[in-house]
Amino acid sequence: MDQKGIGAFIAQCRKEKNLTQMQLAETLGITNQAVSKWENGRGMPDVSLLQPLCDVLGISLNELFSGEHISAEEYKGKAEENISRLFKEKQIANLRPVKYLFSVCANAALFVAVIELAVGLVGNFFNSTILEPMLINVSVWLMLFLASMSKLVYDRNRLKKLKHSGACMDSEIEDMIPAAWIRVGNYVTCRIACGFIYEGKEYKAVSNYYVLTQFTRKEDLYVNVYINKENPAKYSVELFQTGR
């Protein structure tokens, strides 16, 4: 749900009614800070306040969730779109995100670096020559940690940006592409290939590497593809897995 868009629409409707944030808050029995939070896209009204808010602003729930005024001709289509979006968000809420490879690498590298440092410091009391090679090992693991974190932060920021300014496409997983270069026990790394249609044109999207068990099937996975509206070839993939 586009909280920023809904927040901006609430602010627009409030001003059209010549209401201040304080007046709207008093009418609804809440604080003006809560209204400010909604309008800045940092939160949504409680379910119990949705209809009273719409009544005060003179809009429908459908318009509120759409973040815009809707004509009679568009009303049915927007209602179906909003219901579909809410169902999808509820479905995602019942799923769990799949572990991203670079997140696992960062955690593992930091853990090993701490262990190496601890062993070096303790071992230094018994053998003064052990600390130097241990510190070299620690440096290597810390560099791996920093490299993994840099990639992780970059990908997360890109996903966050596309969530706010891009479009979320209904996508179907077409294939799981395993990577033989990392495999630990029952865990493997793979990329997810999926397809989507935007403005009548078909596109393919391939995710970054994720960590899955070797028993995971594509039927157990759910994918969101967020695209740049001006250039759909620029995208970011978010992967979820059923809880079973």
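**Notebook: two loops, a helix cluster and a strand**

I started at E199, which lies in the loop between strand 4 (187-198) and strand 5 (201-206). For my own reference, helices (H or I, at least four residues) and strands (E, at least two) are DSSP runs, numbered from the N terminus. This is a predicted model, in which local features need pLDDT of at least 70 and side-chain atom pairs count only at pLDDT 80 or more, while totals for chains, interfaces and linings use all residues. Residues are numbered from 1 along each chain as its sequence is written, and side-chain values use heavy atoms, with hydrogens and water left out.

**Entry 1: backbone at two loop residues**

What is the sign of phi at E199? I found a positive phi of about 55°, although E199 is not a glycine. Most residues other than glycine have a negative phi. I then checked accessibility: E199 is exposed, with a relative accessible area of 71%. The classes I use are buried for under 20% relative accessible area, exposed for over 50%, and partly exposed in between (1.4 Å probe, protein chains only).

N18 also caught my eye, as a residue that is not a glycine yet has a positive phi of about 55°. I placed N18 in the loop between helix 1 (3-16) and helix 2 (21-28). With a relative accessible area of 68%, N18 is exposed.

**Entry 2: the whole chain**

I counted eight helices and eight strands in the protein. Of its 244 residues, 37% are buried. I also looked at contacts (heavy atoms within 4.5 Å). Among those between residues at least 6 apart in sequence, 59% join residues at least 24 apart. One long-range pair I looked up is I6 and E63: they are 57 residues apart along the chain, and their C-alpha atoms are separated by 9.1 Å. I6 lies in helix 1 and counts as buried at 1% relative accessibility.

**Entry 3: helix 3 and what surrounds it**

Which residues of helix 3 are buried? In helix 3 (residues 32-39) I noted V35, S36, W38 and E39. Seen down the helix axis, these buried residues fall within an arc of 160°, so they line one face of helix 3. The arc is that of the directions from the helix axis to the C-beta atoms. An α-helix has 3.6 residues a turn, so residues three or four places apart point the same way. The buried residues of helix 3 pack against helix 1, helix 2 and helix 4 (47-57). After helix 3 comes G41, with a positive phi near 75°.

Next I took the helix pairs. Axes here are lines fitted to C-alpha atoms, for helices over the stretch in contact, and angles run from 0 to 180 degrees between N-to-C directions. The axes of helix 2 and helix 3 come within 8 Å and cross at roughly 110°. That makes helix 2 roughly perpendicular to helix 3 (angles under 35 degrees count as roughly parallel, over 145 as roughly antiparallel, 65 to 115 as roughly perpendicular and the rest as oblique). Helix 2 gives Q21, M22, L24, A25 and L28 to the contact, and helix 3 gives N32, V35, S36, W38 and E39. By class, I sorted this contact of helix 2 with helix 3 into six nonpolar, three polar and one charged residues. Ala, Val, Leu, Ile, Met, Phe, Trp, Tyr, Cys and Pro count as nonpolar, Asp, Glu, Lys and Arg as charged, and the others, Gly among them, as polar.

How do helix 2 and helix 4 cross? Their axes come within 10 Å and cross at roughly 130°, and the two helices are therefore oblique to each other. The contact is made by L24, T27 and L28 of helix 2 and L49, P52, L53, V56 and L57 of helix 4. I sorted the residues of the contact of helix 2 with helix 4 into seven nonpolar, one polar and no charged.

**Entry 4: helices 7 and 8**

Helix 7 (residues 101-124) and helix 8 (residues 131-165) pack at an angle of about 160°, with their axes 8 Å apart. They are therefore roughly antiparallel to each other. I listed 20 nonpolar, five polar and three charged residues in the contact of helix 7 with helix 8.

**Entry 5: I177**

My last stop was I177, in strand 3 (residues 172-184). I177 is partly exposed, with a relative accessible area of 30%. I177 and I192 are 15 residues apart in sequence and 6.1 Å apart in space, C-alpha to C-alpha. Leaving aside neighbours within four places in sequence, I found I177 in contact with T189, C190, R191, A193 and V206.
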